[in-house]
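Here's a quick tour of some side-chain and helix packing, written with a computational chemist in mind. Have the coordinates open and follow along.

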Amino acid sequence: MFFERPDAGETAVLVHVDFHDEQKREDPGEFLELVRSAGAEPATLLTASRHRPDSRTFIGSGKLEELRALLAAHEAELVIFNHSLSPSQERNVEQELKCRVLDRTGLILDIFAQRARTHEGKLQVELAQLEYMSTRLVRGWTHLERQKGGIGLRGPGETQLETDRRLLRGRIKSIHKRLDKVRSQRDQNRRARARAEIHSVSLVGYTNAGKSTLFNALTNSEVYAADQLFASLDPTLRRLEIEDVGPVVMADTVGFIRHLPHKLVEAFQATLQEASEASLLVHVIDAADPDRELNVEQVELVLKEIGADDVPVLKVMNKIDKLDSAPRIERDGHGVPEVVWLSAKQGQGLELLHEALSERLANDVIGFSLTLTPEQGKLRAGLHELNAVREEAFDEHGRSVLDVRLPRRDFNQLMAQLGERANHYLPEALREIDEW
């Protein structure tokens with residue numbers, strides 16, 4: 001589709017510009033990690049300082065000449081910018097340097113394309129790539145304006161550029177339809193969990209904060225986890241048992257990053273919706289990262305963009321093994337857990353996270369002692385089935401003395417199934433208004 005270029009090599013010259021505007025600044029260290037995650041070999045980093053980007057080449061003519069010299073010195077065939085370039089800027093730099101140019105958005109899309117493993121993930125990445133490509137088509141057809149004439153070469157009366165745009169629009173429409181089906185299926189699953197009153201917990205956080213490692217440690221799963229950016233893209237759901245709550249569904253989601261391309265957020269709506277409709281968000285933070293406060297701000301911005309900013313949040317400070325810090329729970333003025341400090345990799349503090357999840361998710365948990373005769377075996381069996389019996393003993397009359405703890409909702413449902421009144425078995429302090 002695109003005009004012929006020299007084959008793109010893996011050796012790349014990197015370009016980073018420091019802008020005076022804090023909102024436009026990027027992290028060069030994170031940029032280096034992105035480049036390595038994509039599989040490129042960084043040769044050198046060209047830095048510049050500007051008030052605003054050059055409208056034609058982003059970096060200006062002087063830096064462009066420096067860039068040309070660096071390409072020749074390192075025999076590199078790829079230039080990667082740590083910034084988003086306009087289609088015209090990207091085209092102009094390519095024409096000047098006669099090599100392939102990639103901006104930050106294109107780099108992230110390339111990493112996503114490598115990481116996507118499921119059919120849904122691949123569809124979402126392709127959608128984001130096509131949306132991105134649609135604004136850059138003119139770059140690919142600078143060598144001809146209209147389709148050629150002659151026998152066998154006549155077109156339908158539209159430029160090749162228009163043909164490509166039409167084909168892209170058709171493919172984008174097709175992917176949207178398929179993703180709508182995925183979104184519909186996810187909605188059905190969420191509604192089914194809501195009817196069964198099963199809580200959902202979504203792990204969110206900056207990329208490489210340790211979400212997948214924590215997910216594996218909690219659920220005994222084997223989700224791909226590595227010390228690299230965007231190690232996992234595809235959402236994974238697993239069942240997790242929480243004391244006083246019962247089964248919950250835990251979701252591992254894609255990591256966020258500074259200035260996450262908007263098209264990616266749009267493409268991953270089906271995935272990110274797990275976060276927006278969760279009962280609780282577990283915000284995993286790399287406690288050892290010097291930029292952790294900035295990373296937290298970026299995650300909160302994306303959560304706001306997907307409509308998840310009003311979902312309750314439990315923060316997890318991960319990687320405390322790098323800080324020589326001890327696992328602990330921080331609580332607010334009402335004693336509610338707000339922050340859990342742990343190390344997912346070392347398995348330190350996981351029991352504290354279970355405790356915090358139990359406290360944040362448990363709704364009206366009741367605990368009491370219950371004495372049952374042998375004739376009340378169905379009730380005893382039902383309580384055991386709900387894992388509500390903490391201790392059991394037998395008195396001299398052969399009756400079961402149970403120490404039980406469970407959500408009031410589960411106890412009421414069990415009583416209804418047995419045709420019994422819940423209040424008949426509860427201590428007076430725990431009884432509700434009996435409408436029977």
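## Rings, a charge and two helices

Let's start with the aromatics: F19, F58 and F81 are linked into a cluster by ring pairs. Keep in mind that this is a predicted model. Searching the whole structure turns up 3 aromatic pairs, and two of them are laid out below.

| Aromatic pair | Geometry | Centre to centre | Angle between planes |
|---|---|---|---|
| F58 and F81 | edge-to-face | 6.0 Å | 85 degrees |
| F368 and F411 | edge-to-face | 5.3 Å | 75 degrees |

Which parts of the chain does the pair of F58 and F81 tie together? F58 sits in the loop between β2 (41-50) and α2 (61-74), while F81 belongs to strand β3 (residues 78-81), so the pair ties together parts 23 residues apart in sequence. F58 and F81 are both buried.

The pair of F368 and F411 does a similar job elsewhere: F368 is in strand β12 (residues 365-372) and F411 is in helix α14, so parts 43 residues apart in sequence get tied together. Here too, F368 and F411 are both buried.

F411 also turns up in a helix contact. On the α14 side, F411, L414, M415 and L418 meet K378, L379, G382 and L383 of α13. Sorted by type, the residues of this contact come out as 6 nonpolar, 1 polar and 1 charged.

How are two packed helices usually described? By the angle between their axes and the distance between the axes. For helix α13 (residues 377-385) and helix α14 (residues 408-418), the axes come within 11 Å and cross at roughly 145 degrees. The crossing of α13 past α14 is right-handed.

There's a ring with a charge over it as well. The charged end of R328 sits over the ring of W341, at 4.2 Å from the ring's centre.

Last stop: L97, which you'll find in helix α3 (residues 87-97). Is L97 buried or exposed? Its relative accessibility is 10%, and the cut-off for buried is under 20%, so L97 counts as buried. Setting aside neighbours within four places in sequence, L97 is in contact with L64, L67, R68, L71 and V79. Take L71, one of those partners: L97 and L71 are 26 residues apart along the chain, and their C-alpha atoms are separated by 8.5 Å.

Key:
Residues are numbered from 1 along each chain as its sequence is written. This is a predicted model: local features need pLDDT of at least 70, side-chain atom pairs count only at pLDDT 80 or more; totals for chains, interfaces and linings use all residues. Side-chain values use heavy atoms; hydrogens and water are left out. Axes are lines fitted to C-alpha atoms, for helices over the stretch in contact, and angles run from 0 to 180 degrees between N-to-C directions. Helices (H or I, at least four residues) and strands (E, at least two) are DSSP runs, numbered from the N terminus. A crossing is left-handed if the near helix is turned anticlockwise from the far one by less than a right angle, and right-handed if clockwise. Contact means heavy atoms within 4.5 Å. Ala, Val, Leu, Ile, Met, Phe, Trp, Tyr, Cys and Pro count as nonpolar, Asp, Glu, Lys and Arg as charged, and the others, Gly among them, as polar. Rings of Phe, Tyr and Trp (its six-membered ring) pair if their centres lie within 6.5 Å; planes under 30 degrees apart count as stacked, over 60 as edge-to-face and the rest as tilted. Buried means under 20% relative accessible area, exposed over 50%, partly exposed in between (1.4 Å probe, protein chains only). A charge sits over a ring if NZ of Lys or CZ of Arg is within 6 Å of the ring centre and within 35 degrees of the ring normal.
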